[in-house]
Amino acid sequence: MSNNTALTFSNNEAQHRYEATLDAKLAAYAEYNLLTDAIMFTHTEVLPEHEGKGVGSGIARHVLDEARAKGLHVIPVCQFIAGYIRKHREYADLVRPDIQRAFKI
């Protein structure tokens, strides 16, 4: 992403997804189900015209930071989010040990 384009994030609660916009256009989204003390990420999608720009990593980092801020455990059903946590161990503590085993975190 160039320095003059900003990725912005919002929580579209009606559609149960976090959205990333670039230049006021939808660039990616991460779908979730909210549980009592956890958030389950079920699917992340980067729109084709925005692939390779760091948008996927940006939304993954944002949703994991949001989960931490809200005190929620993360259940990474989405392979992209699970893979991001595997590569960025600072987020592994958001996933309970039994869940880590299930998703090979």
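These are my notebook entries on the sheet, the helices, the core and the aromatic side chains of this predicted model.

**Sheet.** I began with the strand order. Five strands make an open sheet, ordered 1-2-3-4-5, with mixed pairing. Strand 1 and strand 5 are the edges, each pairing on one side only. I also looked up the twist, which averages 30 degrees from one strand to the next.

**Hairpin.** Next I went to the start of the chain. Strand 1 (residues 7-12) runs antiparallel to strand 2 (residues 17-22), and six bridges pair them. Asn12 sits opposite Arg17 of strand 2. Four residues lie between the two strands of this hairpin, and His16 has a positive phi there, near 55 degrees.

**Other edge.** How do strand 4 and strand 5 run relative to each other, parallel or antiparallel? They are parallel, joined by four bridges. I noted one partner pair here: Ala38 bridges to His73 in strand 5.

**Helices.** Helix 1 crosses strand 1, strand 2, strand 3, strand 4 and strand 5, at about 135 degrees to strand 2. Helix 2 also packs on the sheet, where it touches strand 4 and strand 5, and its direction is about 120 degrees from that of strand 5.

**Core.** I then pulled up the largest nonpolar core, which has 32 residues. Which members touch the most others? They are Ile39, Phe41, Val63, Leu64, Val74, Ile81 and Ile85. Two or more residues each come from strand 2, strand 3 (25-34), strand 4 (38-46), helix 1 (55-69), strand 5 (73-76) and helix 2 (79-87). Helix 1 gives the largest share, six residues. I followed Leu64 further: beyond its neighbours within four places in sequence, Leu64 contacts Val74, Ile81, Tyr84, Ile85, Tyr91 and Leu94.

**Aromatics.** My search for ring pairs gave two. Tyr18 and Tyr32 are a tilted pair, with 5.3 Å between centres and 45 degrees between planes. Tyr18 belongs to strand 2 and Tyr32 to strand 3, so this pair ties together parts 14 residues apart in sequence. I checked burial too: Tyr18 is buried at 3% relative accessible area, and Tyr32 is buried at 5%.

The other pair is Tyr84 with Tyr91, again tilted, at 6.1 Å centre to centre and 45 degrees between the planes. Are these two buried or exposed? Both Tyr84 and Tyr91 are buried, and both turned up among the contacts of Leu64.

Last entry: I returned to Arg17, the residue opposite Asn12. Arg17 lies over the face of Tyr29, 4.3 Å from the ring centre.

Technical notes
Residues numbered from 1 in each chain as written. Predicted model: local features only at pLDDT ≥ 70, side-chain atom pairs only at ≥ 80, totals over all residues. Heavy atoms only, no water. Pairing = 2+ DSSP bridges. Core = buried A, V, L, I, M, F, W, Y, C linked by side-chain atoms within 4.5 Å. Buried < 20%, exposed > 50% of the residue type's maximum accessible area, 1.4 Å probe, protein only. Contact = heavy atoms within 4.5 Å. Axes fitted to C-alpha atoms, helices over the stretch in contact; angles between N-to-C directions. Phe/Tyr/Trp six-rings, centres within 6.5 Å; stacked < 30°, edge-to-face > 60°. Lys NZ or Arg CZ within 6 Å of the ring centre and 35° of its normal.
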